[in-house]
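Thanks for making time, everyone. I'd like to walk through the charged pairs first, then a helix, and then a couple of strands.

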Amino acid sequence: MTTFLEQKFEIGESNDIEMYKQFVINYVKIEQCVAVLSDYQSDKSYIYAGSFGSIFGLPDENSEIDSAFEECIFTKINSEDLVERHVLELNFYQFLKEIPREEYSNYSTLSRLRMKDSIDKITYINHRTIYLNTFNNGSISLALCLYLPSTDLQTSYRN
């Protein structure tokens with residue numbers, strides 16, 4: 001199975017990242033969520049945190065990390081839920097290979113995840129993955145992960 005960073009990228013193809021950065025910045029201003037724009041071609045991520053970013057301990061300003069994967073967020077998520085989320089994303093990636101490239105944007109993933117805050121309170125959040133840009137050969141160059149409060153405000157406490 002090919003993973004995201006093992007994809008082949010065509011030389012000279014642009015992923016229009018600056019345009020997508022502006023879209024994401026504006027979306028976060030409206031939604032106040034956390035958005036991670038991952039550039040698989042350059043193995044970088046751009047993290048945009050609205051007010052919801054405080055639950056992850058993220059700074060208010062936008063940041064760039066030298067990885068296509070947001071470990072600074074993953075470490076806050078329940079490990080079992082995180083594994084399920086990764087498996088879902090890999091299955092989604094494989095599913096997309098079976099459909100026409102033009103249809104990729106019609107699909108996304110949605111996961112409900114548990115995370116523990118600093119006082120051991122378990123909070124539920126929603127995570128969504130959207131693939132924004134693909135190259136002619138089908139390689140996915142840009143992905144957007146959105147983290148938002150769960151619409152089900154259920155919480156639980158651990159002893």
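So, salt bridges: searching the whole structure, which is a predicted model, turns up six of them. The general idea is familiar, that side chains of opposite charge can pair when their charged atoms come close. Let me take three of the six.

Start in helix H1, residues 17-31. Glutamate 18 and lysine 21 sit three residues apart there, about one turn of the helix, and they form a salt bridge with their closest N and O atoms 3.2 Å apart. Now, which partner is exposed and which is buried? Glutamate 18 counts as exposed, because its relative accessibility is 51%, and the cut-off for exposed is over 50%. Lysine 21 has 14% relative accessibility, so it counts as buried.

Next pair: arginine 85 and glutamate 89, both in helix H3, residues 79-96. Again we're talking about one turn of the helix, but here the two are four residues apart. The closest N and O atoms are 2.5 Å apart in this salt bridge. How accessible are these two? Arginine 85 is at 4% relative accessibility, so buried, and glutamate 89 is at 6%, so buried as well.

The third one is between strands. Lysine 44 and glutamate 64 meet through their side chains in a salt bridge, 3.4 Å from N to O. Lysine 44 belongs to strand S2, residues 44-49, and glutamate 64 to strand S3, residues 63-65, so this pair ties together parts that are 20 residues apart in sequence. Both ends are partly exposed: lysine 44 has a relative accessible area of 23%, and glutamate 64 comes in at 46%. There's also a network of salt bridges here, linking Lys44, Glu64 and Asp66.

Okay, back to H1, now as a whole helix. H1 has 15 residues and runs 21 Å from its first C-alpha to its last, close to the 21 Å you'd expect at 1.5 Å a residue. Which of the residues in H1 are buried? That would be Ile17, Tyr20, Lys21, Val24, Ile25 and Val28. They span an arc of only 140° around the axis, so they end up on the same side of H1. And what do they pack against? Strand S1 (34-39), S2, S5 and strand S6 (140-149). On the face turned away from that buried side, you'll find the exposed residues Lys29 and Ile30. Right after H1 comes glutamine 32, with a positive phi, near 60°.

Now on to the strands. Strand S4, residues 109-116, has two faces: Thr109, Ser111, Leu113 and Met115 are on the covered one, while Leu110, Arg112, Arg114 and Lys116 are on the uncovered one. S4 pairs with strand S5, residues 121-134, in the antiparallel sense, over eight bridges. If you look at leucine 113, isoleucine 125 of S5 stands opposite.

One last residue in S5 is isoleucine 130. Its relative accessible area is 15%, so it is buried. What does isoleucine 130 touch, leaving aside its neighbours within four places in sequence? Its contacts are Ser108, Leu142, Ala143, Leu144 and Leu146. As for leucine 110, it lies 20 residues from isoleucine 130 in sequence and 9.3 Å away in space, C-alpha to C-alpha.

That's my tour, so over to you.

How values were computed:
Residues are numbered from 1 along each chain as its sequence is written. This is a predicted model: local features need pLDDT of at least 70, side-chain atom pairs count only at pLDDT 80 or more; totals for chains, interfaces and linings use all residues. Side-chain values use heavy atoms; hydrogens and water are left out. Buried means under 20% relative accessible area, exposed over 50%, partly exposed in between (1.4 Å probe, protein chains only). Two strands pair if DSSP finds at least two bridges between them. A salt bridge is a side-chain nitrogen of Lys or Arg within 4 Å of a carboxyl oxygen of Asp or Glu. The expected span of a helix is 1.5 Å times one less than its number of residues. The arc is that of the directions from the helix axis to the C-beta atoms. Contact means heavy atoms within 4.5 Å.
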